Amino acid sequence: MMQDQIVNQELIVANKKSAKPMLWVSMISMVMFFAGLTSAYVISMKRDDWVSFDLPQAFFVSTFLIVGSSITLFLSQKSLKEDKRQLSLIFVVATLLLGVGFIWQQYVGFNQLRSVGLFFTGPESTVSTSFIIGITFMHVLHLIAGVIVLLVVIYNHFKYKYKSDNMLGFELGAIFWHFVDILWIYLFFFFYFIK
């Protein structure tokens with residue numbers, strides 16, 4: 001029995017040593033991807049056909065939702081470390097709902113742009129709207145991946161796979177979720193201040 005516990009602890013340590021660096025490498029590649037897109041945005045601002053406009057109101061709402069989702073996920077992780085499983089589960093489900101709300105508000109924001117005549121493609125599109133909608137949509141795809149990660153975390157939570165001394169899967173999911181949250185905050189302020 002004691003031997004099995006030692007082997008399990010060694011496996012947890014080995015998984016932690018390999019899983020987190022792999023996640024960090026993938027996040028660095030995502031940072032480079034979005035840095036390239038925002039750099040192209042800045043360079044394209046010099047074009048004669050560049051059109052400046054205010055961000056849709058829904059993007060402001062979605063920013064509050066995503067910040068709230070990071071807070072609830074932090075509280076979920078803290079509760080799990082204290083072995084408060086029910087409270088942790090409530091907070092992680094709240095995180096999922098806030099994430100879905102974020103995606104919905106992004107969709108509403110795209111429709112708000114369309115309602116004022118700003119389109120992603122076609123004869124009525126502009127370079128600036130194409131950039132903003134394209135970059136935002138790419139972020140939404142990453143956030144959808146984050147929602148899938150949260151669903152896995154919730155499923156594993158129900159299966160009692162996480163304990164205060166074994167939270168690797170939860171930690172990896174939380175790192176990714178906080179990353180896409182911070183990425184959106186960067187993009188939001190980038191689009192807000194650089195027009």
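Author: Quick term first: helices here are DSSP runs of H or I, at least four residues long, numbered from the N terminus. And keep in mind that this is a predicted model.

Reader: Where does Tyr160 lie, going by the helices?

Author: Look at what flanks Tyr160: H4 is on one side and helix H5 (168–193) on the other. So with helices taken as DSSP runs, the place of Tyr160 is the loop between H4 and H5.

Reader: Is Tyr160 buried or exposed?

Author: The cut-off for exposed is over 50% relative accessible area. Tyr160 comes in at 56% relative accessibility, so Tyr160 counts as exposed.

Reader: What is phi of Tyr160, and what is it for Asp83?

Author: Most residues other than glycine have a negative phi. Asp83, in the loop between helix H2 (57–81) and helix H3 (85–115), has a positive one, near 60°. Tyr160 has a positive phi too, and its value is near 60°.

Reader: Which helix gives the largest share of the largest nonpolar core?

Author: That core has 43 residues, and Val92, Phe170 and Phe191 have the most contacts inside it. Helix H1 (2–44), H2, H3, H4 and H5 each supply at least two of its residues. The largest share is 12 residues, and it comes from H5.

Reader: Which residues does Phe170 touch?

Author: Leave out anything up to four places away in sequence. What remains for Phe170 is Leu73, Ser76, Gln77, Leu80, Ser88, Val92, Val153, His157 and Tyr162.

Reader: How much accessible area does the nonpolar surface patch with Ile148 have?

Author: Ile148 lies in helix H4 (residues 127–158). Phe137, Leu141, Ile144 and Val152 form the patch along with Ile148. Together their accessible area is about 420 Å².

Technical notes:
Residues are numbered from 1 along each chain as its sequence is written. This is a predicted model: local features need pLDDT of at least 70, side-chain atom pairs count only at pLDDT 80 or more; totals for chains, interfaces and linings use all residues. Side-chain values use heavy atoms; hydrogens and water are left out. Patches are made of residues with over 30% relative accessible area and no salt bridge: like charges are joined within 9 Å, nonpolar side chains (Val, Leu, Ile, Met, Phe, Trp, Tyr) within 5 Å. Accessible areas come from the Shrake-Rupley method with a 1.4 Å probe; for residues, only the protein chains shown count as cover. A salt bridge is a side-chain nitrogen of Lys or Arg within 4 Å of a carboxyl oxygen of Asp or Glu. Buried means under 20% relative accessible area, exposed over 50%, partly exposed in between (1.4 Å probe, protein chains only). A nonpolar core is a set of buried Ala, Val, Leu, Ile, Met, Phe, Trp, Tyr and Cys residues joined through side-chain atoms within 4.5 Å. Contact means heavy atoms within 4.5 Å.
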